[in-house]
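Subject: Structure handover and what was found in it

Dear colleague,

Here is the structure I promised to pass on to you. Please open it beside this message, so that you can find each residue as you read.

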Amino acid sequence: MNIGVIIPSNLQKKEYTKPPGLMDKIRSFFSSSSGVEVSRADILEDLSLVICSVPFDNPEKISERCRRKMRSRIRLAFEKERALPLLEHPKINGLCGLPNYEFEEVIRKVALKRFPELLNIIRGVGNLEDREVTVTGNSPYLEYAISSLITKVKVLNLLLPMDSVAPAEAEQAFEETGIPVHITNDAEVLGRSAIWIRFPDDHKSFDILPRKYDGIIVDLGAMKIVDTKNRKIFSIVIEFSERIRRKIGFSILEGWKAGYVESAVIAMCANMWNMNLAETSLRLGTVLTFIT
């Protein structure tokens with residue numbers, strides 16, 4: 001499968017460091033005033049990005065005639081490479097009229113399925129096997145948290161709103177592992193917890209608790225990591241591995257919203273491969289991280 005991406009030529013030609021032999025680009029030039037250049041970045045054996053770079057640095061100075069030529073050359077290039085056009089760089093300003101997709105939900109769904117990875121890269125909390133972790137969220141998420149975390153923590157606290165029903169899995173998890181699953185309505189439990197994991201749709205009464213909490217919140221509803229002690233907030237994003245970024249070219253990935261290209265590729269591949277988003281993200285070798 002080939003995915004088409006359109007970028008300004010100044011990104012394609014910008015120098016970046018890469019080890020010899022890791023980039024396999026097949027370049028073809030069109031002898032036209034449109035100046036379209038095509039390259040290919042092989043991500044997997046059956047997946048490549050076909051990258052069209054165009055001299056479109058100053059859109060307001062490009063005539064409509066030249067725009068038509070560029071669009072025609074891009075269309076021919078993608079047809080030749082059998083590529084499905086997906087993305088235009090933000091600086092292209094709608095040259096080919098591709099939709100301005102939103103992919104926030106892709107990142108959220110991937111992060112929800114792979115959230116234990118986030119815990120492994122958070123510094124300053126120590127070994128979770130020696131720590132208590134508190135979880136909030138609606139019932140299905142609590143059940144998922146129990147199965148995902150029970151063998152990774154010292155104590156798992158489930159903080160529930162008043163009059164809610166505790167998941168049946170809690171008692172079973174304790175019987176099978178011997179690790180306590182503490183079910184409580186008392187927010188004071190956060191005082192013993194190094195990490196508070198907020199799954200989507202937890203109770204609105206919990207919204208005031210971050211002001212009193214002195215620890216790290218992994219907020220999978222807002223896709224944020226909040227260090228309340230140091231008053232820092234990070235966004236959870238997904239990235240290609242460094243190996244894949246080298247293949248594509250670091251400069252080509254500049255200018256997009258963090259995680260945008262990765263999420264777009266995950267969404268398209270999931271549809272084509274008939275896989276869920278998390279499975280697709282793993283097959284593509286993406287990593288979860290957080291940025292300021």
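What follows is a walk through the findings, one topic at a time. Please keep in mind throughout that this is a predicted model.

I would begin with the interior. In soluble globular proteins, nonpolar side chains tend to be buried together. Here the largest nonpolar core holds 69 residues, and the members that touch the most others are Val135, Ile197, Leu220 and Ile248. Helix H8, which covers residues 260–273, gives this core its largest share, with 9 residues. Apart from this there is a second, separate core of 16 residues, and Phe56, Ile74, Ala83 and Leu95 are among them.

To see what such a core residue has around it, you could select isoleucine 197 and leave out the residues up to four places away in sequence; what remains in contact with isoleucine 197 is Phe115, Leu119, Val133, Thr134, Val135, Thr136, Leu149, Val218 and Leu220. One of these, Leu149, also belongs to helix H5 (residues 139–149), where it is buried along with Leu142, Ala145, Ile146 and Ser148. The elements that cover the buried residues of H5 include helix H4 (115–121), strand E6, strand E7 (155–159), helix H6 (169–177) and strand E9.

Isoleucine 183, by contrast in topic, is a residue to look at on its own. It lies in strand E8, residues 181–184, and with a relative accessible area of 35% isoleucine 183 is partly exposed, because a residue counts as buried under 20% and as exposed over 50%. Beyond its neighbours within four places in sequence, isoleucine 183 makes contact with Leu158, Leu160, Ala166 and Ala170. The C-alpha atom of isoleucine 183 is 9.8 Å from that of glutamate 171, a residue 12 places apart from it along the chain.

How many salt bridges does the count come to? The count is 11, and three of the pairs, together with one network, deserve a slower look. In one pair, the side chains of arginine 283 and aspartate 46 meet, with a distance of 2.8 Å from N to O. Arginine 283 sits in helix H9 (residues 277–283), whereas aspartate 46 sits in the loop between strand E3 (37–44) and strand E4 (47–54), so this salt bridge ties together parts that are 237 residues apart in sequence. Arginine 283 is partly exposed at 37% relative accessible area, and aspartate 46 is partly exposed at 33%.

In another pair, the side chains of arginine 192 and glutamate 132 form a salt bridge of 3.4 Å, again from N to O. Arginine 192 is in the loop between E8 and strand E9 (193–198), and glutamate 132 is in strand E6 (residues 132–136), so parts that are 60 residues apart in sequence are tied together by the pair. Here arginine 192 is partly exposed, with a relative accessible area of 46%, while glutamate 132, at 18%, counts as buried.

The third pair joins arginine 198 to aspartate 207, whose closest N and O atoms are 2.8 Å apart. Arginine 198 is buried, with a relative accessible area of 8%, whereas aspartate 207 is partly exposed at 45%. As for the network, Arg40, Asp42 and Glu81 are joined into one by salt bridges that share partners.

Turning to the cysteines, the structure holds 0 disulfides. Why is cysteine 66 without a bond to another cysteine? The closest cysteine sulfur, in cysteine 96, is 12 Å from the sulfur of cysteine 66, which is too far for a bond. Cysteine 96 is likewise in no disulfide, and its nearest cysteine sulfur, in cysteine 52, is 8.1 Å away.

Finally, there are the spaces in the model. It contains 1 cavity of 30 Å³ or more, and the largest cavity has about 40 Å³ of space, with a lining made of Val5, Leu49, Ile51, Ile248, Ile252, Leu253, Trp256 and Val261. The largest pocket has a volume of about 490 Å³. Its lining has 27 residues, of which Tyr101, Glu102, Glu104, Lys257 and Tyr260 are the closest to the centre. At least two lining residues of this pocket come from each of strand E5 (83–88), helix H3 (104–113) and strand E12 (232–239).

With best wishes

Methods. Residues numbered from 1 in each chain as written. Predicted model: local features only at pLDDT ≥ 70, side-chain atom pairs only at ≥ 80, totals over all residues. Heavy atoms only, no water. Helix = DSSP H or I, 4+ residues; strand = E, 2+ residues; numbered from the N terminus. Buried < 20%, exposed > 50% of the residue type's maximum accessible area, 1.4 Å probe, protein only. Contact = heavy atoms within 4.5 Å. Core = buried A, V, L, I, M, F, W, Y, C linked by side-chain atoms within 4.5 Å. Salt bridge = Lys/Arg side-chain N within 4 Å of Asp/Glu carboxyl O. Disulfide = S-S within 2.5 Å. 1 Å grid on protein atoms, 1.4 Å probe; cavity = no way out; pocket = protein on both sides within 12 Å on 5 of 7 lines; lining within 4 Å. Points joined across faces, edges and corners; volume = space filled by probe spheres on them.
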